[in-house]
Amino acid sequence: MRIRGYAAGTPCWSELRTSDPTGSIEFYHELFGWKPVGDTGGPRVDFHLRDMAVAGLSTNADTGTPSAWLTYLATDDTAATVDATARAGGVAVAPAVRHPDRGVSALVADPQGAVFGLWQRGPFPGAQVAAEPGTICWNELATRDVAGAGSFYGTVFGWTARASVYGGTDGYQDWLRETREVAGLIEMGERYPPQVPAHWRTTFEVDDCATAVQRCRSLGGQITFGPYEAGPGTYAQLTDPLGASFGIIAVCPEYRASLG
C-alpha cells in the first residue's frame, strides 16, 4: 500500500545507523529483498521495495557506536517540537538539519534516554509503502519508567497509553493519538540487562516468521527471542550481524481483516 503522508505525532520513518553500510545493505537485501538507492559509499541511502522508499541507512562515523534502528516521528514544526521536548524533560541530541528536496530532521531523547528522530516533511514524507511484507509495520518504546514516558509523550505529542487487547499478561500498552493506535509501549523487565537503556525499536512485516528467522541466522544474524504468537501474528525479535535489534511479524489474516 502506497503512503502519501503522515499526521504529526505518528511514526513515519525508520533509519538504520551502522558502521558497516556495505555489510548492512547486503544483510537487509537478502533478508527483505530491499534495494539500496543512492550513493552506497555516501553517508545515507534509502532502501526501496520495488520503486518506493521503505527505510533508510546512515553511516556512523564513529565505528565504536553500536548499530541501531532509529524511529522518526512526524512533526509540522521541528524547532517547536525540539523546544517542547526540552520543556518536558528531554534533550536535543542533534540540531535540526534541512535536507534539500526532502525535509527537516532532528534527533532528541526522552527523559529516560530513548533516542528518536523528528521529521518535518518536505517533498519526502517518510516511508512510502506499508501493510505488506518487507515494510515497517510497528514502532514501540521499551522503557523502565512507564509513568515517566506517559507524561513525556503525552505532553509533547498528545499521546495517551492504553492496555493493549493483545498484551496478554506482560503489561503491553498501545500509544494512542486521539483514538488511533500509533505505537507500542513495553516495560523493560528482568529479561533486559541493566545496562540496556530505554530505546525505540522497529518491527517489519514478513510472509513467514519461521522462514525469516532461519534466513536471518544463515546471514549471520541472531535470534533474541521467538517466534511466538503475539495476537496480530507470529513475532520474533532479531539482531543483525552488526548488533542492531529489530522485530519481525507475520500478520495473521484475521488481524489484517480487522484493519479494514
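Two strands count as paired when DSSP finds at least two bridges between them. With that in hand, let's walk through this predicted model, beginning with its sheets.

**Two sheets**

One open sheet has eight strands in the order S10-S11-S12-S9-S13-S16-S15-S14, and its pairing is mixed. Its edges are formed by S10 (159-163) and S14 (222-229); each has a single partner strand, so one side of each is left without a neighbour in the sheet. On average, neighbouring strands here are turned by 30° against each other, direction ignored.

Another open sheet of eight strands follows the order S2-S3-S4-S1-S5-S8-S7-S6, again with mixed pairing. Here S2 (35-37) and S6 (91-99) stand at the edges with a single partner strand each, so one side of each has no neighbour in the sheet. From one strand to the next, the twist averages 30°.

As general background, strands of a sheet pair through backbone hydrogen bonds, in either a parallel or an antiparallel way. The table shows a pairing from each sheet.

| Strand pair | Sense | Bridges | Residues standing opposite |
|---|---|---|---|
| S10 and S11 (residues 173-177) | antiparallel | five bridges | Arg-162 and Asp-174 in S11 |
| S1 and S4 | parallel | four bridges | Thr-18 and Thr-59 in S4 |

**Helices**

Helix H4 (residues 209-218) packs on the sheet that holds S14, touching S14, S15 (233-239) and S16 (245-251). The direction of H4 makes about 10° with that of S15.

Where do H2 and H3 meet, and how do they cross? The axes of H2 (residues 78-87) and H3 (residues 146-157) come within 9 Å and cross at roughly 150°. Angles over 145 degrees count as roughly antiparallel, and H2 and H3 are therefore roughly antiparallel to each other. H2 passes H3 in a right-handed crossing. On the H2 side, Thr-81, Ala-84 and Thr-85 make the contact, and they meet Phe-152, Val-156 and Phe-157 in H3. Sorted by class, this contact has four nonpolar and two polar residues, with no charged ones.

**Salt bridges**

If you like to follow charges, the structure holds seven salt bridges. One of them joins Arg-2 to Asp-51, with the closest N and O atoms 3.6 Å apart. This pair links distant parts of the chain, the two residues being 49 residues apart. Arg-2 belongs to the segment before S1 (11-18), while Asp-51 lies in the loop between S3 (44-49) and S4 (52-59).

Notes:
Residues numbered from 1 in each chain as written. Predicted model: local features only at pLDDT ≥ 70, side-chain atom pairs only at ≥ 80, totals over all residues. Heavy atoms only, no water. Axes fitted to C-alpha atoms, helices over the stretch in contact; angles between N-to-C directions. Parallel < 35°, antiparallel > 145°, perpendicular 65-115°, else oblique. Left-handed = near helix turned anticlockwise from the far one by under 90°. Contact = heavy atoms within 4.5 Å. Nonpolar A, V, L, I, M, F, W, Y, C, P; charged D, E, K, R; others polar. Salt bridge = Lys/Arg side-chain N within 4 Å of Asp/Glu carboxyl O.
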